Amino acid sequence: MRTVRPRRLGVRGPATVLLAATTAFALTACGDGDDTGAGSGTTPSASPAPSTTEPKPSGEPSDEPSDPASESPTPSPSESATEPEVPKPAKARIKVEAGTVNGAPDRLPVVVGQTVRITITSDVAEELHVHGVEELLALPAGEKQTLEFVVPAEPGPGLYEVELEGSSLLLFQLEVQ
Amino acid sequence: MNELVAHGIGGRQDLPIPLELVIAGAAAALVYSFVVLALAWRDSRFDGDAGGLALPPWVTSAVDSPALQWILRVVGLLLVGYTAMVAYVAPDFATNPAAGLVYVVFWLGLIPASLLLGPVWTALNPVRTIHLLLARATGAAPESAGLRSLPAWLGYWPAAAGLLAFAWLELVAPDRATTPVIRAFFTAYLGVHLVGVVVFGSRWLDRGDAFEVFSRLLGRLSPLGRRTDGRIVVRNPLANLDGTSAGPGLAAVVCVLLGSTAYDSLTGSPRFVRWYQASPLGATAAGTLGLLTAVALILAAYALATGLAGRATGLQWRSMPGAFAHALVPIALGYLVAHYLTLFVLEGQRTMIAVSDPFSDGSDWFGTAGYGVDQSVANHPTLIASSQVGAIVLGHVLGAISAHDRSVRLFPRDRVVAGQLPLMALMVAYTVTGLLLLFAA
């Protein structure tokens, strides 16, 4: 036993170094991923941003409904220009026939505060259910219906399923950034 | 499991991880594999159940005391009894906690509980308690109370089959979050294991019960263990893992865990879901086929890699799969943590709230009915993504170290590297697959 003990410590040595190195590597990697990830994430939504941000400083910033969502402490124009401001409504037009989903995106990328408009026709009576934000809409058979809602701050970033409740048919996922 | 909560609220998954993290994780896995291969020790250092630093004798006597064992058995009976009650008696509303109790608190909760304390389900398992009482009534020792002795070739195969059945329930079965489906599964489960213990005695459960085997395998990564002399010891979790008793079907158990988690990840991709929803086979048959294919691919890759390792080292290829199965446990754990950590946090809270009011009549049995779900974990997508990748890479490194130690013990000295290469390639393949699934699905 006496000879075993130091050897066991020797085992833990390299193992600990490896683990520490892994953690350090993962952390630095995540730092990189964070910057580039956030950058690439904002690129698509940045293009509509200038059009929405430009009128902002001239208007009344305190009354803007989108302000609490973005939570920018000071309405300085330079800061709000770099912030990803609420882009145009995200739309999906879907037709469901005989259990087949037509026209749906795989994922609909949205940000908090953005309006989502889902226009849907189902050939059978169904219920549209947006998980997470818990939006529901009854769909009479064959009638075009539109569900419109603003993405709330809760439950936060993630992929949320948009499905037909009766048949558990997945339509698409709402990708909240 | 993404759709398990479709019955209630939820239906949330983590955002896909950024490509940079996939590359960083894959590179780290590759680098560490070669670091382990090239620089790690040349003589086996893990001594399994023979080693460990003994805790004071009172710890062992407390753990082995009939009082504590009976307390744990009663706790097990109460937990399962409550779950059976809500599954059988309470209305099947979205607020019924049965699904959350089975899939989140029990199945996912076994992971942290076993990692901390060891094979907890063996101590709690009500089937074991029922059998013990029956054996006491007939005056027999529970281990030998069976009609026949357990054939050695059976090994872990019943547990592998049980895990696959549970994975099917959790990931494929129609209406899997509703109480009639949960009831049907666990009634069948109880029937099979009652027959098992009556025929083979309680030894049946050691390797035949999916949840006991799952808990015991993960418990092998806990710092607590039992030495061959019976003492409770503290030891390096990897040395603990090294003491896993191999047997026929052990590799299949771990491959089912890996394959089903990979399949679950795949079902997070809308394109894949759309494909099987539109499949002419029907969603259930297509899902079953998908799950079986995922498990079969993981198994085939394992059989190939261990076969190549056997060829390179001149060892019996038949002995190879069992010899390295334990090294896949950390990799499987990495997969599980990466896929289910946020789900466990969010749905676990939801279940803890739901258990207070199982009949949805406004009652508050445990004082938690008025709690809200703290969803703030979702607000840290970068932290989530890096912990997912961290879990997978850490699992890979621990698996690689375990396989290395086993290799230097088993393989002839001049063939160690040749024998290890296919195993390392296999682990890198599993890890990269896991990362890509987090990225793409």
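**Legends to the close-up views of chains A and B**

**View 1. The surface of chain A in the predicted model.** Chain A exposes about 9,300 Å², and carbon and sulfur atoms supply 58% of this area. The structure is a predicted model, and every value in these legends is computed from it.

**View 2. The order of helices and strands in chain A.** Five helices and nine strands are found in chain A. Read from the N terminus, the elements follow the pattern α-α-α-α-α-β-β-β-β-β-β-β-β-β; the five helices therefore precede the nine strands in this pattern. Of the 177 residues in chain A, 39% are buried. For contacts between residues at least 6 apart in the sequence of chain A, 57% join residues at least 24 apart.

**View 3. The overall form of chain B.** Chain B contains 19 helices and four strands. Its C-alpha trace spans about 70 × 60 × 45 Å along the principal axes. How does the radius of gyration of chain B agree with that of a compact globule of 441 residues? Such a globule would have a radius near 22 Å, and chain B has 22 Å, so the two agree.

**View 4. The interior and surface of chain B.** Buried residues account for 54% of the 441 residues in chain B. Among the contacts in chain B that link residues at least 6 apart in sequence, 79% join residues at least 24 apart. The accessible surface of chain B amounts to about 17,700 Å², and 71% of this surface belongs to carbon and sulfur atoms. Chain B carries 26 positive and 24 negative charges; the mean positions of these two sets lie 10 Å apart.

**View 5. The largest nonpolar core.** This core consists of 111 residues. Which residues have the most contacts inside the core? They are Tyr302(B), Leu328(B) and Tyr430(B). Helix α13 of chain B, residues 250-266, provides the largest share of the core, with eleven residues.

**View 6. The surroundings of Tyr430(B).** When neighbours within four places in sequence are left aside, Tyr430(B) is in contact with Cys255(B), Leu258(B), Ile298(B) and Ala301(B), among others. The remaining partners of Tyr430(B) are Tyr302(B), Leu328(B), Ile331(B) and Tyr335(B). Two of these partners, Tyr302(B) and Leu328(B), are named with Tyr430(B) as the residues with the most contacts inside the largest core.

**View 7. A second nonpolar core.** A separate core contains 27 residues. Among them are Val96(A), Ala104(A), Phe149(A) and Val151(A).

Technical notes. Residues numbered from 1 in each chain as written. Chains lettered and ligands numbered in written order. Predicted model: local features only at pLDDT ≥ 70, side-chain atom pairs only at ≥ 80, totals over all residues. Heavy atoms only, no water. Helix = DSSP H or I, 4+ residues; strand = E, 2+ residues; numbered from the N terminus. Buried < 20%, exposed > 50% of the residue type's maximum accessible area, 1.4 Å probe, protein only. Contact = heavy atoms within 4.5 Å. Areas by Shrake-Rupley, 256 points an atom, 1.4 Å probe, with all protein chains shown as cover. Rg over C-alpha atoms; globule rule 2.2 N^0.38 Å. Lys, Arg positive; Asp, Glu negative; His and termini not counted. Charge placed at Lys NZ, Arg CZ, Asp CG, Glu CD. Core = buried A, V, L, I, M, F, W, Y, C linked by side-chain atoms within 4.5 Å.
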